Amino acid sequence: MTDVCMIIGGPQGGGIESAGQVALKTVVVKGFNVIGTREYHSNIMGAHSYFHLRFTEKPARALRIPVDLVIALDAESAFTHMWDISTKSYFVYDADSQDQEVSKIPSMESSLKRRVKEALAPKGGATVGSAVKFVEEKGAVPVGLPLKSILKKVSDETASPLSAIAKTVNIIGLAAGLYLAGVEYDYIAKGIELQFGNRPKVLKPNLVAARIAMEYVESSFGKQKALPNGPHRGRSRMLASGNDVVAMGKVLGGLTFQTFYPITPSSDEAFYVEENMYKEDVNGSKISILVLQAEDELAAINLALGAAAAGARASTSTSGPGFSLMNEAISMGVMAEIPVVISLWMRAGPSTGIATRQGQQDLLHAIFSGHGDTPKIVVASGDHREAFFDAIKAMNWAEEFQTPVVHLLDKYLASTVAVLDEWELDVSNVELSRGKREDSPGSEYMRYEITEDGISPMAPLGKVPMLISSLEHDEHGHVTEDPVDREEMVAKRARKWETIARSIPEEEKLVLHGDPEARVTIISFGSTKQIILSAMEELERRGILTNFVQFRVLSPFPAETAKKLLSRSEVLIGVEMNFQDQLSFLLRAHTGIYVPHRVRKVNARPLYDTEVVYAVEKIVREGAKEVVVSGGA
Amino acid sequence: MARKWLDYKTDSWVQWCPGCGDFGILNAIYRALAELDIDPSNLVVVGGIGCSSRSVYYIKGNAIHTIHGRAIPVASGVKLANPELTVIVTGGDGDLLGIGGGHFVALGRRNIDIPILVYDNAVYGLTKGQAGPTLPAWIQTKSLPHPNVQGSLNPLLLAFAAGYTFIARGYAYHLNQLKDLIKAAIQHKGAALVDILQPCPTYNDFMTNEWYEKRIYYLSEDPSWDPVVRSPQEHKEKAPKMLEKMMEFDERIPLGIFYQNTYKETLEERFEKIMNGYLSSPPGKRPLGKRPIAHPFQVFKEKVIQV
């Protein structure tokens, strides 16, 4: 049974991202399921970053720590990840860095330096050599790569100067590590070709580097047993990040207008829409999406609202700080009844927080955004597949209900790459809709016509004169302060909200995973889904049967169904990556149900399945109320 | 049959103070629209928040009354989604140059075909007369407890720096001249500013009609004045004189067209260059199919690992 989890770390700008991509492609070609994510600092060059990846025969649902393989391309990586190994793991490091001292590494956080010094004091000082002893004592096998001499060999063989091939160090480390894990050269070569294939000048030295690295490991540590191929060998599959799949959903869901202001971790979604904004011929149709970088998030959403009023299918994407700026316009979207989708990629807050790290702290912000009685749809995706379909669904809902829709995502999904099979993204049953769109309004058209379901026919601008107003208005859209008009319009918006709550099927609002009879129930939302599912399998092996209620649509909140599903639960556990227990708060507000136990992660790193297992065991076996888990570098 | 100015008047009660300069501006807009015979169905007037932004309710056509400061991005979204529409922004100096200043700058950079009509009275009228971004320092209007300690900005210079391709200044009570400026701004292809000096008889007791009348004059009084630049070379040659005129705001205040660039392309034209067919089938008019046009594996091939 193959199940390998690995970390490759090095300086930002040092090819960690491309090493990760090569690794993903290699193991997909080898036939495995895979999940991989990039952890990085808010920095362009020099700070530590790492790629965390797991490949397995089973569905690759989550990452874990400890890992089976650490590839530390520099001293900082060795110090940072010496804690992350398991007893039988390999610890690949730069043998030339043996004497490097932690105190001499300027890019390292001072707190980490202190922790390293404390841990390595008994080993005779905080050097890479001591870190190697540290991992050895924990049962790992240290594998020192003489990077300088390997690079020299690559330089000789490719007849290129050292400076030209120095960048292959990421592939040297990766190839050595993958070889130790049992992946043969041919697969790694294929992974490298898939990554660099269109750039022959990069491809050749990397192939040579990979071969020399593997030969070195083989000669120094013995021939490794090759892993049998995974079950998906020979099948073409997609590797895509959460940012990618949301962009794909938008493009295929009929988006015609997208705005953004650059902000991590949302920008890559907009970039990928932009990359695909124009395609002459797809099945006889044309893709043509106007993508505009706005001057700020205020403009980003107001541009989208204007475009939507003029008939475009419009969206914008942002993260917490940008979403804060969008609040007033969201309120206008509700008042003026303009459809817009906001993809909200949460990150660690408050304020600027940690821009490149994980957090789930904007749930309440999303729901309560905008002043003055402004309900809006909030849908949270649990994984890549959901994110893809939700992106389409969000656009449908926005237009059907003429309202802002917040598509709630996060940094973990944004930068996590998953493998997807063709059937998983089957769109043949997906419908695109615009609700009560009116393309030929008569002269009596009223933008805010009072209707039973609260939804008025919506004509785009340019057909007949109409008024769209952020001020309280009458049916025509004309500004009014009349108390009767006012009450009628509030009632209309309230009926619309009821229509929304009624129209979205309960099974799309929340999903029960696992045995309905289980007495232990986990509740959560967003990207924790697959991590929890993975943990549930392990918990069952350990004798704890759980089920999991995943909240998909958090506004309108599925209170009645939640009550029904949770009524039988004896141990109720909330898993959240925020300290206010935001989902539990909502649940209690809507149903009165108190969630007595919680698993919390707030160190701005991804949640691991190993942590959920640990925490749930602690709660179920020891009655712990709250377990804070803190893995990840 | 050509439209008359009254055809653009709505039934709404115009709720400005008696003597407000906004009346003059509104009347000039009616007349400019009538002379251009713009179809009200095709006209979108976008306003922010403030006395002047309410103009949107008084002009027959489509109207969007947005939130404070955001008229320009909303209008930009409308125009980019459907470039066939005539989109006009009306708002005050506080809305467009204060809270919305960043968007005012961005519009110039983009050169979207939208005229911006700034009702420039140097005060925030609707909130009872606080200092606006064009109120000069040390002026104490009757509603200010102290003289204004913040300086004023020059809308024309700001527009020039930002890349507006049409820059003009008018006066609210000069109906005919203002009508011509608004007409020219609407006809101009690109981002256009008409800074309209407008006495606020209720709150600005300093920059009054008398104060303005003593100072204003028209650039066109000089028969050699030609604000049009047709090439980068002409721009370079004429800019110093134009800037000198834009900076003049003391004992003499010039009115008229300061600058009109006829060679710079609009954002809409740039999009057409990277998206063939954008102008004929823009985002607001593209039909939505019943189903996605293809499977993602077919469209995003670079993400599929071909083994």
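Modeller: Before the strands, a bit of vocabulary: two strands pair if DSSP finds at least two bridges between them. Helices (H or I, at least four residues) and strands (E, at least two) are DSSP runs, numbered from the N terminus. This is a predicted model, where local features need pLDDT of at least 70 and side-chain atom pairs count only at pLDDT 80 or more, while totals for chains, interfaces and linings use all residues. Residues are numbered from 1 along each chain as its sequence is written, and chains are lettered from A and ligands numbered from 1 in the order in which they are written.

Colleague: OK, so which residue of E2(B) is the bridge partner of Leu467(A)?

Modeller: That's Ala63(B). Strand E17 (residues 467-469) of chain A is joined to E2(B) by three bridges, and the two run parallel.

Colleague: And how many residues of chain B are in contact with chain A?

Modeller: Contact means C-beta atoms, placed from the backbone, within 7 Å. By that rule, 55 residues of chain B touch 67 residues of chain A. On the chain B side, H3(B) gives the most, with eight residues.

Colleague: How do I read a helix crossing, say H10(A) with H15(A)?

Modeller: Fit lines to C-alpha atoms over the stretch in contact, then take the angle, 0 to 180 degrees, between N-to-C directions. Here the axes of H10 (residues 242-252) and H15 (residues 384-401), both of chain A, come within 7 Å and cross at roughly 30°. So H10(A) is roughly parallel to H15(A), a label for angles under 35 degrees.

Colleague: Which residues of H10(A) make the contact?

Modeller: Among them are Val245(A), Val246(A) and Met248(A), with Phe388(A) and Ile392(A) among those from H15(A).

Notes. Contact = placed C-beta atoms within 7 Å. Parallel < 35°, antiparallel > 145°, perpendicular 65-115°, else oblique.
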